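Student: I should like to look closely at a single part of this model. Please take me through the open sheet and what packs on it.

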Amino acid sequence: MDQVLNFDHVSFQRGTRTILNNINWQVKKRENWAILGLNGAGKTTLLKMIHGDIWPTSGKLTVLDHLFGQTNIPQLRRSIGWVSNALQDWLHPGDLVEQIVLSGKFASIGLYEKYTSLDLQSACELLIRLGGKKLLGKTYRVLSQGERQLVLIARALMAKPKLLILDEPCNGLDLFARERLLNKIATISQLPNHPALLLVSHYTEELLPCFTNLLLLKKGEIYAAGSRQRLLTASMLTNFYAAPIRIIEDSQRVIIYPK
Ligand SMILES: Nc1ncnc2c1ncn2[C@@H]1O[C@H](COP(=O)(O)OP(=O)(O)OP(=O)(O)O)[C@@H](O)[C@H]1O
């Protein structure tokens with residue numbers, strides 16, 4: 001299996017509204033993509049579809065060799081790591097951090113399946129490797145926003161996913177916590193056999209160099225998809241946002257702001 005995602009003329013409608021229109025997009029194994037788009041462009045809808053929360057109303061979608069309509073979605077979800085603020089509303093705040101990390105193995109909210117002491121040990125070790133040793137034994141409700149994001153990343157990695165979705169993972173983080181989280185993401189991107197990464201962000205400075213591909217989504221359609229080098233330019237983004245953009249860049253990061 002070389003392909004992680006294959007959107008083949010996929011559209012999504014709700015009532016009379018077309019929210020995603022004729023999406024054609026392929027992601028290969030170990031590719032890392034960042035998705036940019038204004039509020040309401042359809043980014044979350046796209047991610048929800050990949051996660052099997054909603055289905056295409058037309059077109060064909062294949063995720064990790066699972067063709068929608070002919071597949072077991074709960075099974076598919078176990079191969080997808082999911083980090084999103086939306087998850088924070090669903091998790092049980094009284095659960096211990098290690099229980100939350102462990103639940104990632106089963107792609108469940110809460111722990112309902114049998115697990116072994118080895119599973120629990122793996123969850124603790126994973127969190128320690130990500131720098132979260134001091135969080136063990138705490139309940140989720142007492143954690144800061146940055147600590148919660150770290151737990152969500154550990155939870156997402158617990159099932160050794162083939163695809164890791166990061167939906168605005170830096171939301172609410174201070175400048176330094178954001179940098180620490182980005183460093184963790186960079187580390188994941190360097191692991192042998194790392195999962196393909198999909199990052200949604202509104203801020204280009206969060207697009208680490210490992211995000212070598214960009215999807216520009218506008219009003220539910222793909223405006224452009226391809227290499228970072230080609231798309232992360234002032235002229236492309238000025239056209240994309242339909243507003244003059246100034247760009248500041250060094251070898252590692254790009255900052256943009258409206259002129
Ligand atoms: N179930 C639904 N029924 C009707 N409209 C919907 C539904 N889901 C999403 N939309 C609309 O589709 C559009 C795209 O929503 P989506 O949440 O995917 O945007 P987004 O790019 O993630 O935006 P943001 O950056 O603000 O998070 C929005 O206008 C939203 O109101």
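Tutor: The following account concerns the open sheet, its edges, one pair of its strands and a helix beside it. This is a predicted model, in which local features need pLDDT of at least 70 and side-chain atom pairs count only at pLDDT 80 or more, while totals for chains, interfaces and linings use all residues. Residues are numbered from 1 along each chain as its sequence is written.

The open sheet has six strands in the order 6-7-8-3-9-10, with mixed pairing. Strands here are DSSP runs of E with at least two residues, and helices are runs of H or I with at least four, numbered from the N terminus; two strands pair if DSSP finds at least two bridges between them. At the edges stand strand 6 (80–84) and strand 10 (221–227); each has a single partner strand, so one side of each lacks a neighbour in the sheet. From one strand to the next, the twist averages 15°.

Within the sheet, strand 7 (residues 163–167) pairs with strand 8 (residues 196–200) in the parallel sense, over five bridges. Leu-164 stands opposite Leu-197 in strand 8.

Helix 6 (residues 145–157) packs on the sheet and touches strand 6 and strand 7, where contact requires C-beta atoms, placed from the backbone, to lie within 7 Å. The direction of helix 6 makes about 170° with that of strand 6. Such angles run from 0 to 180 degrees between N-to-C directions, and axes are lines fitted to C-alpha atoms, for helices over the stretch in contact.

Conventions: Contact = placed C-beta atoms within 7 Å.
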